[in-house]
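Colleague: I am new to this structure. Please take me through one part of it in detail.

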Amino acid sequence: MNKIAIKVQQAFEKRFGSSPTHLIRAPGRVNLIGEHTDYSGGFVTPLALEEAHWIAARPREDQTVILHSLDYDDSTKVNLTEPQLQLKGWQNYLNGVVWVLKEENWPLSGWEGVMSGDVPQGAGLSSSAALETALIRAFAEFSGFTWLPKIAAKLAQRAENEWVGVSCGIMDQLISACGVSGHALFIDCRNLDIQHVPLPEGLRIIILDTKTRRGLVDSHYNERHSQCKEASAILGKNMLRDATLSNLEAQAAEMEPLLYRRAKHVISENERVLQAVKAMRSDDHQLLGQLMQDSHISLRDDFEVSSSALDEMVECALTAPGCLGARMTGAGFGGCAVALVTVEKEDEFVNSIRECYLKKMSLQPNIISCTPADGASRHDPLTEL
Ligand code: GLA
């Protein structure tokens, strides 16, 4: 059994004096290709990670939620009948989820739990979406409403948009709720259609954490979202998803160069995703790797969400043994890159990255070899610990 699951169950037993009735899990994610496209109704290809948030919990008789975070060594209590919700630290995610569930009139019942997670925070691996999804999964169990993953993802996204204040798209919440082990999900973010794409055989997806975190990510992110809306309005489209590169060229004169570059990234990235999905289905590994490299250049030069650490990491990856392609992943400005590597060269690749990145940035990277996992799930507590 997962070591975080064991940890939260043991901590629950110590804190509440008996066993939890449920173990709830929701994973982080890495996105293969299709970055900063989701909030323009575009295409993405994320996969759920084994790294996840876990909550050990049991129902309460009253209308109270008591939650202890092992990672923050801190507890919080919310009265569901008259919640006094404030914007505050890690509790914000619980408060945001309670706020959105009440806004949308879901029936709520009390529960108590202990939580912890191993999704690196602020690294672009969707630790906050995983937490929101885990909390909604817990409410579904204890309040007796059916777990509907797409609806849950929309609720979590609304909590993030309107409570936390980040105008994110739906990708992170959707993959955390709907992930399928062994697969990437090809998601159309306009209608939320999902296709499961098996990962190409003989290849590994490796996350390369630069160990850099940049502040103000949220405000830069919201600014990119507004620029995409502005560009689509100039192009006379509802969303950039509906525009083509020839539409863009035809209107280029009416657009500031900055908006032109933002739109060019989104429109070309959507095309790259469609080609990448075909490449995965036809085992064209070289093409898939090339598309990832093109994606990085577009994010770096046109969308301007990369950073020197991410660029150095991608450079290191591209010169390491067995690498077919690499790019930054997630919102950017720091955090992680993702690389596609042949299985037989994985160890050499990892050694080469460690040496190269340390030399360039004087930092030890965190390297995670991915095993695509299932989305949010409920498990029985362990009987023998
Ligand atoms: C963050 C957001 C997502 C998505 C990515 C960039 O992870 O939460 O909705 O926009 O950035 O692709």
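Modeller: Here is a close look at helix 3 and its partners.

This is a predicted model, where local features need pLDDT of at least 70, side-chain atom pairs count only at pLDDT 80 or more, and totals for chains, interfaces and linings use all residues. Residues are numbered from 1 along each chain as its sequence is written, and side-chain values use heavy atoms, with hydrogens and water left out.

Start with the packing. Helix 2 (residues 91-103) and helix 3 (residues 127-143) have axes that come within 10 Å and cross at roughly 50°. Helices here are DSSP runs of H or I, at least four residues, and strands are runs of E, at least two. Axes are lines fitted to C-alpha atoms over the stretch in contact, with angles from 0 to 180 degrees between N-to-C directions. That crossing makes helix 2 oblique to helix 3 (not under 35 degrees, not over 145, not 65 to 115).

Which residues make the contact? Helix 2 brings Y93, L94, V97, V98 and L101, while helix 3 brings S128, L131, E132, L135, I136 and F139. Contact means heavy atoms within 4.5 Å.

F139 also has an aromatic partner. W111 and F139 form an edge-to-face pair, 5.5 Å centre to centre with 80° between the planes. Ring centres must lie within 6.5 Å; planes under 30 degrees apart are stacked, over 60 edge-to-face, the rest tilted. W111 sits in strand 6 (residues 111-117), 28 residues from F139. Both W111 and F139 are buried, meaning under 20% relative accessible area with a 1.4 Å probe, protein chains only.

W111 and F142 are stacked, at 5.8 Å and 25°. W111 lies in strand 6 and F142 in helix 3, so this pair ties together parts 31 residues apart in sequence. W111, F139 and F142 form one aromatic cluster.

Key
Phe/Tyr/Trp six-rings, centres within 6.5 Å; stacked < 30°, edge-to-face > 60°. Buried < 20%, exposed > 50% of the residue type's maximum accessible area, 1.4 Å probe, protein only.
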